[in-house]
Structures are given as structure tokens and as C-alpha cells.
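Dear colleague,

I am passing on to you the structure we spoke about, and below it I have set out what was found, arranged by topic. Please read the notes with the coordinates open beside you.

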Amino acid sequence: RPAHALCRNCGVVVYCGRGCQVSHWKYHKRFCKKSEDPSPKQTQLTRRGSVGLANLGNTCYMNSAVQCLSHVYPLTRHFISSSYEAELNTDNCLGSDKAAVAKEWAALLKELWFGGKARTECNSLKRAIDGFKEDFRGYAQHDAMELVQAMVDSLHEDLNRVLKKEYVEIPDAGDRPDEVVAQENWDLHLKRNNSIVTDHMTGLLKSTVTCPQCETDWRKFDPVNTLEIELPLQSFKPLEVTLVRRFESASDVCPPMTYGISVERTTTMNDVRRQIAKLSGIEVDRLEIWETYQNVLFQRFAPNELAFKLVKTDIIVATEVEPDLPLRVFMANRQGPYQHPKGPREKPIHQHFGVPLLLSVDPSWTIRELKEHACIQMSAWFGVTDSETTRCAFQFKVAQLWLGRRGEDFSPFDEEKFVTG
């Protein structure tokens, strides 16, 4: 709207009308006659609609509905400018008691758009809605869309300009064009319903019914102010899997490779393994799929587990294993020894880094052989050669192969002992 009302005290703030200026005075008087009033802008002192709503007890559905309706700008502008006061219909039996919902909604909108608090409460609006719609009494969970519909209906009836509704009869459409029938239905609707909600939030929805016997069509245009649509469900999603190959010597290594695949709702982890095998050329029975979180093993997937539940942030790893070596060992990378928590409420500091290794181990190996095999597999990440694998553990701050359970102070094992020992 064109601005034409200027604050006479400070001469700084310009309003769209006298009503808007009166509504804003409560928040403007603190800054009047100062260099600048921050209230028309979104600052730390005035939020301009970006205000949180306190949960009164299972009222998250209500907060969502309030935030949505608060940003219907033509409707909000009508309330914060106090233009609604001239249209209050306090005698409408279809509205709230003495238009309480409209009054409390206007008060809340002014706090949201003119006030300086980062969080506010809507207790008064909750009580007004409870009085208008008994279904929302108490503090049980409800559907946000149902509350939006109830609030729109209440605001419409509280501000309905038709004080006495006359009886109207909707004629049949017949063979007349849709434009003529729609305009006729709209004119009849305005004889009983005319408000700011009708001006900006009401339309006509055409419905057609065909008789299966005579194939006659009946057309009807119903007024609606909310329209529910079904959002399409995503039938597939992308999934990234990091492949780590198995090597016999450091001279044969290649860095890990990330593959992007598409999974559907019925895709299992066994299907994921087949796709990775097809892309990499590795046999299916030589692949194991697992997930790492915070640089340690998080979970191993069952073959029939669905892959669609995984999200984009999950780190999925496919490791090539040796089926003839039955023992599997997960080795996490950590710099320095295990650090105990200093207090009973503090967590231990693990300092893990990188992606853990999944090793195929022969039970007859010694600890030294296991250590050498681990260094070869680590060379895929760090790019060392055969001659450097013997000092790999020291070069990358892995001073010893420490065996034990997570969360305990590890002790080094004798490298001449067997792994199964």
C-alpha cells in the first residue's frame, strides 16, 4: 500500500494509514524522536514475524498453524493495521464468542510483527480457540491442518460483513458453460459470506458426478479456503558407497573409490552388494557392507535389510574380503593411547580418525603377521610402498597393534603370539 501517514513526533516512520500507526505506537514510542526506529525492520529488537512460539503442552501443531497463517500477508496486514476492528461481527452465532478469536489473533500478530521478543506465547489465542471449537480443548495432540481450517473459518465468521444471511438455492448447472455456472455460484456465495478471508483466501472447486446408467453429468462449484494436496512420495534415492579393496602387497594398492547408486523402497542390502559388485568387477561373495560412525564401526547390515532407510549423511563402506579366511577383524585408527575420562560425567577421548579397516584374518597368523597385513591395507589410504610398510605403523603414529575392548585401557600383545590367543 502507498505510505501516506507520517509520525508527527519524530517524522521518521511512515505508515500506510492511521490504523497502522495506532497499532504500532505501543512499540514505536520507545524509539520516537530518536535517529531511527528499528521496529519496521528485522533486528534483534524487532523480529518482523521471525518469532518462536512456546510449547504450551503438545501444542506444536498449533504453533505450526500459527506460523503458517501469520505469513499470509494480505490477511496479516489487515489485522496489524487494525482494519479488522470496523468489521467485527460479534453477534454471529457461527463465529467465536464476541469475535474472541479475531481479537486474540490480532493481538498475537502485533507481538509477532511489531514486538522485540524472540519468543512469545499464545495462551489467550488457545483459550479463544477452545471456546470456539471444543475438539481442541485440552492439551492432546491434533492435526495442524484441521486447526488451520478451524481458525480460517472462525476468522471468516468473526469478520463476516453479511450481518443477516439470506436463504439461497443453488440451481442446477444444466448445459450452461462452466464460466456462467461458476460466476452464479460465486454471487450466491457472496450473499452469505463476505469477509477479508473471502477476498484473499477463497476460491471455487469444481466437482463432476456422472451417472453410470444415463451418463448424465452433474457439475457443482463449491467454495473452499483451504485445499489439501497429496505430495508425491519419493520412489528412489541416491546412495554413496565407499569401496575398499583387499591387497596382498603394497605395490598393488589403489585408493578407495566411492560409487553412487540408486536404491528403491524395496532395495535390500544384498541388492546394494550386487550393484557394487557389478560396478567394481568384484565377486558378490567377496563384499561386505557396513556403516561407520564417528570413525568406528557402527553396524553390519543383514542381507535382507532395506537400504531405503539410510540417509545422505550415513557413511556406508563396502570392503573386499577373503571368503577362505573366516575371521573378521575391525581396526579403528587412533592417535595416541586411550585417555580415561577425568570425571564421572565426562566421556573418554578416543581421537579416532579415518575409516576403520575390515580385515580378513587367518586364525593361524601371529600378531606380527596381522600387523603387517594391516599396514598393507592402510597403504591404500596413505600411498606407501612395500619398503615402507615395515615402518608404516610408526610413520602414521600407530606405534603398536593394541588389542582389547573399546572403552578399556589397552595393553600391547606379544607379536609372536597367535591371533586366536
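Which residue follows α3 with a positive phi? It is Ser82, whose phi lies near 65 degrees. Please keep in mind throughout that this is a predicted model.

The helix α3 itself is a convenient place to begin, since several of the findings return to it. Within α3, the residues Leu75, Thr76, His78, Phe79 and Ile80 are buried. One of these, Phe79, also stands out in the largest nonpolar core, which has 35 residues and in which Phe79, Trp105 and Leu125 touch the most other members. At least two residues of this core come from each of α2 (60–70), α3 (73–80), α4 (100–114), α5 (123–132), α6 (144–158) and α8 (196–201), and α4 gives the most, with nine residues. If neighbours within four places in sequence are left aside, Phe79 is in contact with Tyr84, Ala102, Trp105, Ala106, Leu109, Lys110, Leu155 and Leu159. Another core lies apart from this one; it is made of 18 residues, among them Leu239, Ile261, Val272 and Ala318.

Turning to the aromatic residues, the count comes to four aromatic pairs, and I describe two of them here. Tyr73 and Trp113 form an edge-to-face pair, with 6.0 Å from centre to centre and 80 degrees between the planes. This pair links distant parts of the chain, as Tyr73 belongs to helix α3 and Trp113 to helix α4, 40 residues apart. The two partners are covered to unlike degrees: Trp113 counts as buried because its relative accessible area is 8%, below the 20% limit, whereas Tyr73, at 47%, is partly exposed. Tyr293 and Phe298 also form an edge-to-face pair, for which the centres are 5.7 Å apart and the planes stand at 65 degrees. Tyr293 has a relative accessibility of 47% and therefore counts as partly exposed, a value that falls between the limits of 20% and 50%.

On the surface, finally, Leu205, Leu227, Ile229 and Leu231 make a nonpolar patch of about 450 Å². Of these residues, Leu227 is placed in the loop between β6 (217–224) and β7 (236–244), and Leu227 counts as exposed because its relative accessibility, 57%, is over 50%.

With best regards

Notes: Residues are numbered from 1 along each chain as its sequence is written. This is a predicted model: local features need pLDDT of at least 70, side-chain atom pairs count only at pLDDT 80 or more; totals for chains, interfaces and linings use all residues. Side-chain values use heavy atoms; hydrogens and water are left out. Patches are made of residues with over 30% relative accessible area and no salt bridge: like charges are joined within 9 Å, nonpolar side chains (Val, Leu, Ile, Met, Phe, Trp, Tyr) within 5 Å. Accessible areas come from the Shrake-Rupley method with a 1.4 Å probe; for residues, only the protein chains shown count as cover. A salt bridge is a side-chain nitrogen of Lys or Arg within 4 Å of a carboxyl oxygen of Asp or Glu. Helices (H or I, at least four residues) and strands (E, at least two) are DSSP runs, numbered from the N terminus. Buried means under 20% relative accessible area, exposed over 50%, partly exposed in between (1.4 Å probe, protein chains only). A nonpolar core is a set of buried Ala, Val, Leu, Ile, Met, Phe, Trp, Tyr and Cys residues joined through side-chain atoms within 4.5 Å. Contact means heavy atoms within 4.5 Å. Rings of Phe, Tyr and Trp (its six-membered ring) pair if their centres lie within 6.5 Å; planes under 30 degrees apart count as stacked, over 60 as edge-to-face and the rest as tilted.
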